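Here is a short report on one protein chain. Please keep the sequence and the model open while reading.

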Amino acid sequence: MNSEEEFFDAETGLESDDSWEVSFKDALVFDSKQVADGSTQENGVFERRKSLPAEMISRNNFSVWSILKKCIGMELSKIAMPVVFNEPLSFLQRISEYMEHTHLIHKACSLSDSIERMQVVAAFAVSAVASQWERTGKPFNPLLGETFELTREDEGYRLISEQVSHHPPVSAFHVESLKQEFEFHGSIYPKLKFWGKSVEAEPKGTMTLELLKHKEAYTWVNPMCCVHNIILGKLWIEQYGAVEITNHSTGDTCVLNFKPCGMFGKDLHKVEGYIQDKSKKKQRVIYGKWTECIYGVDPKLYETYKKTANDSKKLKQERSCEGEEADELPDVQETVTVIPGSALLWRVTPRPAHSAQMYNFTSFAVTLNELEPGMERLLAPTDCRLRPDIRAMENGDTDLASLEKERLEEKQRAARRERSDDEEEWTTRWFSLGTNPHSGAEDWLYAGGYFDRNYADCPDIY
């Protein structure tokens, strides 16, 4: 059995004490359809393509060290990387992968209790980063003015994103429900740094989810992400850091701790946290793994289980994540142990069997650069589906992708020089810089109008 099969065939049960053994059926299920049949139908992928036009380009003959050896401790957004280290998606398309589990937002909208809504919103916040697992290819940096739209009528939403700044790189996005149930928006300034053996990504920027029926707004900042073994060994990814979700209407908060790998890999991928009301009383404990599933449980049940487990469990001896030659990924990955009385909030959708040959894309990601029939005449000319370098790479033509990438970057530099000579400032088309009305932080807010389909004044960036 390969590592991918082991990941998706993992069993769920308490290993320390037979008297506590349970299975998924012992937990309350918030999303019974998804768990019962394992279907990805809710993501709409059956009506769209299921594979890329060409397999992933081999990186065996390329050395990233030759490029990065002079960049230790530096911010990488200005470093030109060969296309072979990319995946055939723009960062704007990668952002849209937050919406893979939109059914969780719909679920939150349907719940009458604010604590139950918060725990489903927490599950959505975790699910939004799940697609990053094993995605070691770098998305293409968006060009200034680049856009991406995504309409999924079956999931009841449409999305528009725009690259609103180049230095520093800032991407803004806005999602709206087709039935006016919710809005989800944010702006992201991804800071990348190289630390010798790893690349660390800090996703600066606030996520805002508004449940319009309940007149609620939730905000949070995504966790840190680190890609290990850039130079030597098997590439692997971890997310870490505290994520605090605030319900600005009720005062409820959820604090999620994305745990770093730690010694012996015992905390690899684990997420633990709690929900408390405005009086600071804990109402739920949230636990699981961002690569697998998330559960919610009553704090008293959690503490009882923890006491029992700590009395009986013996620590397994596994290799440390700290290696002298490489940051080794533990061979054995524990699955999530279910505490009796827990509610299953979210479980990851299995990836396609051939995902490893498609840049480890999810089924959802595979569809993002597809040009559906009749789509090209409706898209803005700045949509990244029309980028020739990404299209060439998706088709397996590395040489053409590299040439087009260089051409587009030089065209962007020439346009910047021309604006400088004319003392002109770049003007964004669909977003404007303002203040987030809920967090008070500076944010790029959707100005509206994109779906009116008037693109006459869009810039020529390709």
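The report goes from the whole chain to selected strands, then to single residues.

## Overall picture

This is a predicted model. The protein chain holds ten helices and 19 strands. Of its 462 residues, 54% count as buried. The exposed surface of the protein chain is about 21,100 Å², and carbon and sulfur atoms supply 49% of that area. Among contacts with a separation of 6 or more, 64% link residues 24 or more positions apart.

The structure has zero disulfides. Two cysteines can be placed by their cover. C293 is buried because its relative accessibility is 0%, under the 20% cut-off. C384 also counts as buried, at 0% relative accessibility.

UniProt lists residues 398-425 as "coiled-coil region", in an unreviewed entry. In the model, the span of residues 398-425 is 86% helix and 0% strand. Its end C-alpha atoms lie 34 Å apart.

## Strands β5, β6 and β7

Strand β6 covers residues 170-177. How many of the residues of β6 are buried? Eight of its eight residues are, and the strand is mostly covered. In a regular strand the side chains alternate between the two faces of the sheet. In β6, V170, A172, H174 and E176 point one way. S171, F173, V175 and S177 point the other way. Residues on both sides are buried.

β6 pairs with β5 in the antiparallel sense, over eight bridges. E162 stands opposite A172 in this pairing. β5 and β6 form a hairpin with four residues between them. P168 sits in that loop, between β5 (157-165) and β6 (170-177). The peptide bond from H167 to P168 is cis, with omega near 0 degrees.

β6 also pairs with strand β7, residues 182-194. Six bridges join the two strands, and they run antiparallel. E176 has E183 in β7 as its bridge partner. β6 and β7 form a hairpin too, with four residues between the strands. Q180 in this hairpin takes a positive phi near 55 degrees.

## Strands β9, β10 and β12

Strand β10 (residues 216-220) is mostly covered, with five of its five residues buried. On one side are E216, Y218 and W220. On the other are A217 and T219. Both faces of β10 are covered.

Strand β9 (residues 207-211) runs antiparallel to β10, joined by five bridges. T208 stands opposite T219 here. A hairpin with four residues between the strands links β9 and β10. K215 lies in the loop between β9 and β10. Its phi is near 55 degrees, a positive value in a residue other than glycine. K215 counts as exposed because its relative accessibility is 72%, over the 50% cut-off.

β10 pairs with strand β12 (residues 236-247) as well, antiparallel over two bridges. T219 has T246 as its bridge partner in β12.

The pairings can be set side by side.

| Strand pair | Sense | Bridges | Opposed residues |
|---|---|---|---|
| β5 and β6 | antiparallel | eight | E162 and A172 |
| β6 and β7 | antiparallel | six | E176 and E183 |
| β9 and β10 | antiparallel | five | T208 and T219 |
| β10 and β12 | antiparallel | two | T219 and T246 |

## A buried glutamine in β12

Q239 lies in strand β12. Is Q239 buried or exposed? Q239 counts as buried, at 1% relative accessibility. A polar contact of 3.1 Å joins its side chain to that of Q132. Beyond residues up to four places away in sequence, Q239 touches V129, Q132, P223, M224, C225, F258, K259 and W290.

## Two loop residues

E134 belongs to the loop between α6 (114-127) and β3 (138-140). E134 is not a glycine, although its phi is positive, about 65 degrees. With a relative accessible area of 24%, E134 is partly exposed.

P340 belongs to the loop between α7 (299-312) and β17 (343-347). P340 is partly exposed, with a relative accessible area of 26%. P340 and V297 are 43 residues apart in sequence. Their C-alpha atoms are 8.4 Å apart in space.

How values were computed: Residues numbered from 1 in each chain as written. Predicted model: local features only at pLDDT ≥ 70, side-chain atom pairs only at ≥ 80, totals over all residues. Heavy atoms only, no water. Disulfide = S-S within 2.5 Å. Buried < 20%, exposed > 50% of the residue type's maximum accessible area, 1.4 Å probe, protein only. UniProt positions renumbered as here; feature names shortened; annotations may be inferred. Contact = heavy atoms within 4.5 Å. Areas by Shrake-Rupley, 256 points an atom, 1.4 Å probe, with all protein chains shown as cover. Pairing = 2+ DSSP bridges. Polar contact = N/O pair within 3.5 Å; in protein donor to acceptor, adjacent residues only side chain to side chain.
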